[in-house]
Amino acid sequence: MSEPKSPTPTPAGDTYKGWVFKWTNYIKGYQRRWFVLSNGLLSYYRTQAEMGHTCRGTINLATATITVDDACNFVISNGGAQTYHLKASCEVERQRWITALELAKAKAARMQAESDDSGDDFSSSSPPAAHGQGGGSHNSEVQSALRTLGSKVEDLSTCNDLISKHGSALQRSLSELDSLRLTGEAGDKIRQVAERATLFRITSNAMINACRDFLTLAQGHSKRWQKALQAERDQRVRLEETLEQLAKQHNHLERAFRGAAQSNANADNKSVTGPGKGEASDEDDENEFFDAMEEAPEFITVPADPQFHKRSSSNVSGFNSEMCPDDQSLNEEPLAMNQESSCQELVPLKKRRTRISDKPNYSLNLWSIMKNCIGKELSKIPMPVNFNEPISMLQRLSEDLEYHELLDKAAKSQSSLEQMCYVAAFSVSSYSTTVHRTGKPFNPLLGETYELDRRRESGYRSLCEQVSHHPPAAAHHAISDRGWTLRQEITVASKFRGKYLSIMPLGTIHAIFEKGNNHYTWKKVTTTVHNIIVGKLWIDQSGEIDVVNHTTGDRCHLKFAPYSYFSRDVARKVTGVVMDKDGKAHYVLSGTWDEKMEFSRVMQSSRGGENGTEGKQKTVYQTLKAREVWRRNPLPDGAETMYYFTALALTLNEPEDGVAPTDSRRRPDQRLMEDGHWEEANAEKQRLEEKQRSARREREREAASQRTSSQSEEAVDEDSLTDPALKSAPHDNYQALWFEHCEDQITGEPVHIYKGGYWEAKDHGTWEGCQDIF
C-alpha cells in the first residue's frame, strides 16, 4: 500500500488532527480540509492557520452516527442537520480516523452520562478540600494525572483496534494462500508463516484482554477521581463566596465608620475637582460603573466628590446652575418602576392566558432552503412555518409596549431632561424580548391589522396595520390616557449573507407627550442573527440611536456595542449621554439591552483622560452613584418550550371577540402553528400567499385600465411619450384603511399616520370597509 501524500493524523493529548478530504458541492467536489477532533467535537478549517480565529463547522460526536462507505470514504451525521461526507487518502488513514472518532464518541457519551449523575453520595463523604496553595497544587496534580491516564488509555484502545483489525486481515490472507495447495518448499514456507501468525494472534489476543481489563479498571478510578476533584472545586467555590461576603461586610463597616467620622469633621476645604485620596477612593468599585472598553469609549466617568451635591451651584465651576428641583429629586430617588403602586392602580378586568401549546420538535434542514436565498430580500423568501414563531410582525411591533410604564412615568416628569432618561430607557427596553427569540414572525398580509386594547388595564390601546407589501411596511399608533402617544412606521430591510442575517428596520419612532408638548423621535438599530447555517442561533444588536426632543433641543446619543470575541467588556452593552440643546451633559446612561439600564447624574465634565483612537481627548464625566431606571421582567415558567415568549407575548394571539376581520388573531396558518399543527399551517400559509398575489394582480389590472382610459381622454404630447413613468409597469393603487399617507411635519419623511375611525367601528361592530384577506 502506498503512503498517503497528506500528513498522517497525529494524536496530541486529548486531540486528534489531520488533513481529510470533505465533500463541498458538485462543482468543487472533495476539498482538502484540516480536521481537529477534541473533547468530543469534530471541527474543520480550510487551513491550519485558521485554527486561531475561524472555524468552518463543528459537529458533536455524542449524538452523531459514523458509517463507512468504502475503502476510503466515511460519513458523519448528527440526524440530518449536519452531515460530513469525508474521504481519507488511503484505507489505513481512514481506519485511524474511524478508530479515533469511535473512541471520542464513546468518551463524549460517557461524559454526558456522568454529568447527569448527581454525585452527592461521594461528595458528602469526600474529605475537606485543602486551603490555600496546597489545595490548588493538589487539584493540579489530580488533573494532570487524569489527563495522562486518559491519553494512555486512548492510545491502548487505538492499538487494540488496529491489532485486531490487521491480525484478522493477515489470517484471511494466509487462509487464502493455504487454499491454493502449493507443494514443495513454497508450501512449507506458507505453513511456517501460518504457524507464526497463529502464535502472534494468540499473543495479541492475550494482550488485548489485558488491555481491556486495564481499561475497565482505569475507567472506574477515573470516575472516582473526577467526582473527588469536583467535590473539592465546589468546596473551594463556597469558601471563595464566603470570603467575598466577609470582605463586603468589612468594607461596609469601614465606610460607615468613616462616614460617621466625616460628618463630625469640617469638609469645606475639600477639592471639588475629583475624589480625594481618602474615603472617596473607597467607593470607586460602586460608583465607577463605566469601564474602559477595547473599542475606545467616547467618554469616561469617574465618581464625583460625595459632598458635591451639598455645595451651591454658584460655587462650583462647570456645574449646571439651571438644574431644576425635579432633576434633584431624580438623583435622590431611583427611577425603577414601582410595581406596588401600578398594581394598586391597575386592576385587570380580564384574566389573560399564561401558557400556549409547547413548540413541537420538528427537524428541518435549514441549508436546503437557505442555500438558494443568499443575497435575496428576506421578505421575498418562501419559508415554512418551522422557522417562524406563532405571532405576526404587527404583534411584534405591539410588543414594544411591554414596558409602557416608562412612558407613563415620562409623562409625569416635570423636567424634559428627566423625561429624556425615561424615553431613552424605553427605546432600549424594546430589544430585551429578542435575546432568545430566534424565530421569525409571520409576514403580515396586505391590509392585515392588529389591535392591542389595554385601556382598562394599563391605560393604553394600540393599532397596527400592514400598509405596504413590497417593500413590507407596517404603521403603528398607540395612545394612552396617561398623556402620551406613540406612533411609528417600520419598513424592514433584510439580507441573508450566508453565515448571518442582517435586519435593518427603516423608519422613525415618535413619542409625543401632552404635558410640555415634547415630541421625541428615534430610529431602531440593526439586528443580526448569527450562525444561520452551523451552530446555535444567537442575536446581537448594534448601532447608534439619537433620541431627539424637537421641542427643547435635548438629545440622548445611545451606542449599542456589537459583540466582540476579543473584548473583555460586558456583552450587549449600551451607553449614552443626555445633553441639552447647548451640548452640556446632564446624565450618563449605561447598561445592557437584555437586562437593565442605569443612569448617573453628571456633576462636572472636562476634557482629559486617555487619548482616543484618533488622538482626540475623551470627555471625563464626574457622576454621582448609578441608579436603576429599567430592568427586564423575568420570563414566565416554561418559556423555553413556548418560543421564549414574555408574559405579554403569550397574550398577543389570544382570541378576542369584537376584533376586526383582518386582525392577526384570525389568521388561520398562524393559529394552526400555535396549536402545533405545523403541516396544516404550511399548507394554509401557501394558500394565503397565493390569495394575496391574486389580489395584487387584480389591483394592478385595475390600475392599468384606469391609466389607459385617462390617457385616451387627454391629448398626449410628444414629450409625454418619453416619460419613463408612462412606460413603466402598472402600479398597485392600494390604500390603507385606517392610516393615511402623508408627509411627516417633523422629519419630512413620507409616512402613514392614523386617521381615526377604527375604535368607533369596533364600538358599532361595523367592518364594511375591511377586505377578505384570510
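1. A good place to start is W97, which counts as buried because its relative accessibility is 2%. Here buried means under 20% relative accessible area, exposed means over 50%, and partly exposed lies in between, with a 1.4 Å probe and protein chains only. W97 sits in helix α1, which covers residues 91-116. Its C-alpha atom is 9.1 Å from that of G18, although the two are 79 residues apart along the chain.

2. A word on the basis: this is a predicted model, where local features need pLDDT of at least 70 and side-chain atom pairs count only at pLDDT 80 or more, while totals for chains, interfaces and linings use all residues. Numbering runs from 1 along each chain as its sequence is written, and side-chain values use heavy atoms, with hydrogens and water left out.

3. Now the overall picture. The protein chain has 17 helices and 28 strands, taken as DSSP runs numbered from the N terminus (helices: H or I, at least four residues; strands: E, at least two). It has 774 residues, of which 42% count as buried. Among contacts (heavy atoms within 4.5 Å) between residues at least 6 apart in sequence, 60% join residues at least 24 apart.

4. On the surface, the protein chain exposes about 41800 Å², and carbon and sulfur atoms supply 51% of it. These areas come from the Shrake-Rupley method with a 1.4 Å probe; for residues, only the protein chains shown count as cover.

5. Finally, the cysteines. With a disulfide taken as a pair of cysteine sulfur atoms within 2.5 Å, the count is zero. C90 is in no disulfide, and the nearest cysteine sulfur, that of C72, lies 6.5 Å away. C90 is buried, at a relative accessible area of 10%, whereas C55 counts as partly exposed at 38% relative accessibility.
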